[in-house]
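This report describes selected features of one protein structure for a reader who has not met it before. The sequence and the model are shown first.

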Amino acid sequence: MSVRVLVVEDEELAAEAHASYVERVPGFTLAGVARSAREAARALDSARDEGAAVDLVLLDLNLPDGHGLGLLAGLRSAGHHCDVIAVTAARDSQVVRQAVGQGVALYLLKPFTFATFRAKLEQYADYRAQLAATPAEVVQDEVDRLLGSLRPTAPAPLPKGMSAETLRAVTGALRDAEGDLSASEVADLVGTSRVTARRYLEHLADQGLADRRARYRGVGGRPELAYTWR
(Lines give C-alpha, C1' and ligand atoms only; values in the text may rest on other atoms or scores of the structure.)
Protein backbone atom coordinates (compact mmCIF):
# COMPACT_ATOMS: atom_id res chain seq x y z
CA MET A 1 0.00 0.00 0.00
CA SER A 2 1.39 3.39 -1.00
CA VAL A 3 2.51 5.88 1.62
CA ARG A 4 0.36 9.00 1.36
CA VAL A 5 2.52 12.12 1.61
CA LEU A 6 1.61 15.73 2.33
CA VAL A 7 4.23 18.31 1.28
CA VAL A 8 4.23 21.39 3.53
CA GLU A 9 6.40 24.06 1.90
CA ASP A 10 5.76 27.79 1.48
CA GLU A 11 8.16 28.43 -1.42
CA GLU A 12 6.37 27.70 -4.69
CA LEU A 13 9.29 26.27 -6.65
CA ALA A 14 10.45 24.13 -3.75
CA ALA A 15 6.90 22.86 -3.16
CA GLU A 16 6.59 21.87 -6.82
CA ALA A 17 9.98 20.16 -6.77
CA HIS A 18 9.27 18.19 -3.60
CA ALA A 19 5.86 17.13 -4.91
CA SER A 20 7.39 15.90 -8.16
CA TYR A 21 10.11 14.08 -6.21
CA VAL A 22 7.49 12.23 -4.15
CA GLU A 23 5.75 11.04 -7.31
CA ARG A 24 9.04 9.68 -8.65
CA VAL A 25 9.70 7.40 -5.67
CA PRO A 26 7.95 4.01 -5.92
CA GLY A 27 5.66 3.24 -3.01
CA PHE A 28 4.79 6.87 -2.28
CA THR A 29 1.73 8.87 -3.37
CA LEU A 30 1.29 12.63 -3.20
CA ALA A 31 -1.71 13.42 -1.00
CA GLY A 32 -1.40 17.17 -1.47
CA VAL A 33 0.66 20.32 -1.05
CA ALA A 34 0.15 22.92 1.68
CA ARG A 35 1.83 26.33 1.59
CA SER A 36 1.22 27.29 5.23
CA ALA A 37 0.59 25.80 8.66
CA ARG A 38 -3.12 26.58 8.39
CA GLU A 39 -3.40 24.89 4.99
CA ALA A 40 -1.54 21.86 6.33
CA ALA A 41 -3.88 21.47 9.31
CA ARG A 42 -6.93 21.76 7.03
CA ALA A 43 -5.51 19.24 4.55
CA LEU A 44 -4.79 16.69 7.28
CA ASP A 45 -8.26 17.14 8.81
CA SER A 46 -9.93 16.74 5.42
CA ALA A 47 -7.91 13.66 4.52
CA ARG A 48 -8.79 11.99 7.83
CA ASP A 49 -12.47 12.87 7.49
CA GLU A 50 -12.50 11.34 4.01
CA GLY A 51 -10.99 8.10 5.29
CA ALA A 52 -7.68 8.62 3.45
CA ALA A 53 -5.41 9.82 6.25
CA VAL A 54 -1.95 11.12 5.45
CA ASP A 55 0.87 8.77 6.48
CA LEU A 56 3.85 11.11 6.16
CA VAL A 57 4.34 14.87 6.24
CA LEU A 58 7.36 16.50 4.60
CA LEU A 59 7.52 19.55 6.82
CA ASP A 60 9.29 22.82 6.17
CA LEU A 61 10.04 24.46 9.51
CA ASN A 62 9.90 28.09 8.37
CA LEU A 63 6.29 28.74 7.41
CA PRO A 64 4.66 32.14 6.84
CA ASP A 65 2.14 31.70 9.66
CA GLY A 66 4.22 29.91 12.26
CA HIS A 67 7.10 27.55 12.97
CA GLY A 68 6.80 24.01 11.68
CA LEU A 69 7.40 22.56 15.14
CA GLY A 70 4.49 24.61 16.46
CA LEU A 71 2.34 23.11 13.73
CA LEU A 72 3.56 19.63 14.69
CA ALA A 73 2.61 20.15 18.33
CA GLY A 74 -0.85 21.28 17.25
CA LEU A 75 -1.28 18.27 14.99
CA ARG A 76 -0.41 15.87 17.80
CA SER A 77 -2.92 17.60 20.07
CA ALA A 78 -5.55 17.22 17.34
CA GLY A 79 -4.91 13.48 17.18
CA HIS A 80 -2.87 13.31 13.97
CA HIS A 81 -0.29 10.54 14.34
CA CYS A 82 1.30 10.77 10.89
CA ASP A 83 5.07 10.54 10.71
CA VAL A 84 7.09 13.66 9.92
CA ILE A 85 10.30 14.28 8.01
CA ALA A 86 11.66 17.80 8.47
CA VAL A 87 12.69 19.23 5.08
CA THR A 88 14.33 22.52 5.91
CA ALA A 89 17.29 24.86 5.70
CA ALA A 90 17.29 25.24 9.50
CA ARG A 91 20.76 24.18 10.68
CA ASP A 92 20.57 25.39 14.30
CA SER A 93 21.44 22.47 16.56
CA GLN A 94 18.80 23.58 19.06
CA VAL A 95 16.11 23.33 16.36
CA VAL A 96 17.36 19.85 15.46
CA ARG A 97 17.17 18.85 19.14
CA GLN A 98 13.62 20.18 19.45
CA ALA A 99 12.60 18.41 16.24
CA VAL A 100 13.90 15.08 17.53
CA GLY A 101 12.22 15.69 20.88
CA GLN A 102 8.88 16.21 19.13
CA GLY A 103 9.13 12.97 17.22
CA VAL A 104 10.46 14.01 13.82
CA ALA A 105 11.53 10.76 12.20
CA LEU A 106 14.19 12.11 9.82
CA TYR A 107 15.80 15.47 9.09
CA LEU A 108 16.62 16.50 5.52
CA LEU A 109 18.66 19.66 5.02
CA LYS A 110 18.14 21.92 2.01
CA PRO A 111 19.49 22.10 -0.59
CA PHE A 112 19.55 18.46 -1.64
CA THR A 113 19.53 16.35 -4.76
CA PHE A 114 16.77 13.96 -5.80
CA ALA A 115 19.09 11.07 -4.94
CA THR A 116 19.37 12.29 -1.34
CA PHE A 117 15.61 12.84 -1.14
CA ARG A 118 14.90 9.37 -2.50
CA ALA A 119 17.35 7.80 -0.03
CA LYS A 120 15.50 9.39 2.91
CA LEU A 121 12.13 8.17 1.67
CA GLU A 122 13.51 4.69 1.06
CA GLN A 123 14.98 4.70 4.56
CA TYR A 124 11.54 5.61 5.92
CA ALA A 125 9.88 2.94 3.75
CA ASP A 126 12.27 0.33 5.16
CA TYR A 127 11.26 1.36 8.68
CA ARG A 128 7.55 0.96 7.81
CA ALA A 129 8.15 -2.42 6.24
CA GLN A 130 10.02 -3.66 9.31
CA LEU A 131 7.33 -2.24 11.59
CA ALA A 132 4.60 -4.04 9.65
CA ALA A 133 6.47 -7.34 9.98
CA THR A 134 7.11 -6.93 13.71
CA PRO A 135 4.88 -8.91 16.11
CA ALA A 136 2.59 -7.12 18.52
CA GLU A 137 4.90 -7.93 21.42
CA VAL A 138 8.55 -7.20 20.72
CA VAL A 139 11.89 -8.21 22.17
CA GLN A 140 14.90 -5.93 22.58
CA ASP A 141 16.56 -6.92 19.30
CA GLU A 142 13.42 -6.04 17.36
CA VAL A 143 13.18 -2.63 19.03
CA ASP A 144 16.84 -1.97 18.26
CA ARG A 145 16.37 -2.98 14.64
CA LEU A 146 13.34 -0.70 14.19
CA LEU A 147 15.05 2.31 15.74
CA GLY A 148 18.22 1.57 13.80
CA SER A 149 16.36 1.74 10.50
CA LEU A 150 15.61 5.42 11.20
CA ARG A 151 19.16 6.34 12.12
CA PRO A 152 21.10 8.23 9.46
CA THR A 153 22.81 5.98 6.95
CA ALA A 154 26.58 6.14 6.55
CA PRO A 155 27.64 9.17 4.49
CA ALA A 156 28.73 8.61 0.93
CA PRO A 157 32.50 8.26 0.63
CA LEU A 158 34.38 11.37 -0.44
CA PRO A 159 36.14 11.42 -3.82
CA LYS A 160 39.59 9.85 -3.76
CA GLY A 161 42.22 12.10 -2.22
CA MET A 162 39.75 14.24 -0.23
CA SER A 163 39.61 14.23 3.56
CA ALA A 164 36.66 14.88 5.86
CA GLU A 165 38.80 17.19 8.02
CA THR A 166 39.73 19.49 5.13
CA LEU A 167 36.16 19.44 3.84
CA ARG A 168 34.91 20.59 7.26
CA ALA A 169 37.49 23.39 7.29
CA VAL A 170 36.58 24.61 3.79
CA THR A 171 32.86 24.32 4.56
CA GLY A 172 33.31 26.31 7.78
CA ALA A 173 35.27 29.07 6.04
CA LEU A 174 32.60 29.40 3.36
CA ARG A 175 29.68 29.33 5.78
CA ASP A 176 31.25 31.95 8.06
CA ALA A 177 32.15 34.34 5.23
CA GLU A 178 30.14 37.56 4.94
CA GLY A 179 30.39 37.43 1.15
CA ASP A 180 31.81 35.19 -1.53
CA LEU A 181 35.30 33.73 -1.41
CA SER A 182 37.78 32.70 -4.08
CA ALA A 183 39.87 29.54 -3.88
CA SER A 184 42.90 31.63 -2.96
CA GLU A 185 41.04 33.30 -0.10
CA VAL A 186 39.79 29.98 1.23
CA ALA A 187 43.29 28.53 0.94
CA ASP A 188 44.65 31.35 3.14
CA LEU A 189 41.90 30.78 5.71
CA VAL A 190 42.32 27.02 6.05
CA GLY A 191 46.04 26.77 5.40
CA THR A 192 46.07 24.74 2.21
CA SER A 193 47.02 25.32 -1.43
CA ARG A 194 44.76 27.17 -3.86
CA VAL A 195 44.43 24.06 -6.02
CA THR A 196 43.33 21.98 -3.05
CA ALA A 197 40.89 24.63 -1.85
CA ARG A 198 39.36 24.90 -5.30
CA ARG A 199 38.86 21.14 -5.49
CA TYR A 200 36.88 21.15 -2.26
CA LEU A 201 34.92 24.23 -3.31
CA GLU A 202 34.01 22.57 -6.60
CA HIS A 203 32.88 19.50 -4.68
CA LEU A 204 30.57 21.65 -2.53
CA ALA A 205 29.21 23.36 -5.64
CA ASP A 206 28.61 20.04 -7.39
CA GLN A 207 26.71 18.83 -4.31
CA GLY A 208 24.44 21.89 -4.47
CA LEU A 209 25.80 23.32 -1.22
CA ALA A 210 27.61 26.32 -2.71
CA ASP A 211 27.06 28.69 -5.63
CA ARG A 212 29.87 29.66 -7.98
CA ARG A 213 30.14 32.77 -10.13
CA ALA A 214 32.75 34.76 -12.02
CA ARG A 215 34.18 37.69 -10.06
CA TYR A 216 36.16 40.54 -11.65
CA ARG A 217 38.81 42.58 -9.88
CA GLY A 218 39.20 46.08 -11.22
CA VAL A 219 38.63 47.39 -14.74
CA GLY A 220 39.87 44.90 -17.30
CA GLY A 221 40.92 42.46 -14.62
CA ARG A 222 40.87 38.73 -15.24
CA PRO A 223 37.84 36.93 -13.82
CA GLU A 224 38.16 34.40 -11.03
CA LEU A 225 35.62 31.99 -9.63
CA ALA A 226 34.06 32.97 -6.32
CA TYR A 227 31.94 30.71 -4.12
CA THR A 228 29.07 31.43 -1.73
CA TRP A 229 27.47 29.09 0.79
CA ARG A 230 23.82 28.48 -0.13
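## The antiparallel sheet

In this predicted model, Arg213 stands opposite Ala226, a residue of strand β10. Ser182 likewise stands opposite Ala226 in β10. The strands concerned belong to an open sheet of three strands, whose order is β8-β10-β9 and whose pairing is antiparallel. The edge strands of this sheet are β8 and β9, each of which pairs on one side only.

The two pairings can be described in turn. Strand β9, residues 210-216, is joined to β10 by seven bridges in the antiparallel sense. Strand β8, residues 181-182, is joined to β10, residues 223-229, by two bridges, and these strands also run antiparallel.

## Thr196 and Ala183

Helix α9, which spans residues 194-206, contains Thr196. The relative accessible area of Thr196 is 27%, so this residue counts as partly exposed. Thr196 is separated from Ala183 by 13 residues in sequence, and the C-alpha to C-alpha distance between them is 8.4 Å.

## The parallel pair and its crossover

Strand β6 (residues 83-88) and strand β7 (residues 106-109) run parallel and are joined by four bridges. Within this pairing, Thr88 has Leu109 of β7 as its bridge partner.

Helix α4, residues 93-101, takes part with these two strands in a β-α-β unit. The unit formed by β6, α4 and β7 is right-handed.

## Aromatic contacts

Five aromatic pairs are found in a search of the whole structure. One of them is formed by Tyr21 and Phe112, with 6.5 Å from centre to centre and 55 degrees between the planes, and the pair is tilted. Tyr21 belongs to helix α1, whereas Phe112 belongs to the loop between β7 and α5 (114-132); the pair therefore ties together parts that are 91 residues apart in sequence.

Are the two partners buried or exposed? Tyr21 has a relative accessible area of 17% and is therefore buried. Phe112 is also buried, with a relative accessible area of 15%. Both residues belong to one aromatic cluster, which is formed by Tyr21, Phe112, Phe114 and Phe117.

## The second largest pocket

The volume of the second largest pocket is about 250 Å³. Its lining consists of 13 residues, and those closest to the centre of the pocket are His18, Lys110, Pro111, Phe112 and Arg230. Phe112 thus appears both in this list and in the aromatic cluster.

Which element gives the most to the lining of this pocket? Helix α1, residues 12-24, does so, with four residues. In character, the lining of the second largest pocket is divided into five nonpolar, four polar and four charged residues.

Terms used. Residues are numbered from 1 along each chain as its sequence is written. This is a predicted model: local features need pLDDT of at least 70, side-chain atom pairs count only at pLDDT 80 or more; totals for chains, interfaces and linings use all residues. Side-chain values use heavy atoms; hydrogens and water are left out. On a 1 Å grid over the protein atoms alone, a cavity is a set of points where a 1.4 Å probe fits but cannot get out, and a pocket is an open set with protein on both sides within 12 Å along at least five of seven lines; lining residues have an atom within 4 Å of a point. Grid points are joined across faces, edges and corners, and a volume is the space filled by probe spheres set on the points. Ala, Val, Leu, Ile, Met, Phe, Trp, Tyr, Cys and Pro count as nonpolar, Asp, Glu, Lys and Arg as charged, and the others, Gly among them, as polar. Two strands pair if DSSP finds at least two bridges between them. A crossover is right-handed if, with the strands pointing away from the viewer, the path from the first strand over the helix to the second runs clockwise. Rings of Phe, Tyr and Trp (its six-membered ring) pair if their centres lie within 6.5 Å; planes under 30 degrees apart count as stacked, over 60 as edge-to-face and the rest as tilted. Buried means under 20% relative accessible area, exposed over 50%, partly exposed in between (1.4 Å probe, protein chains only).
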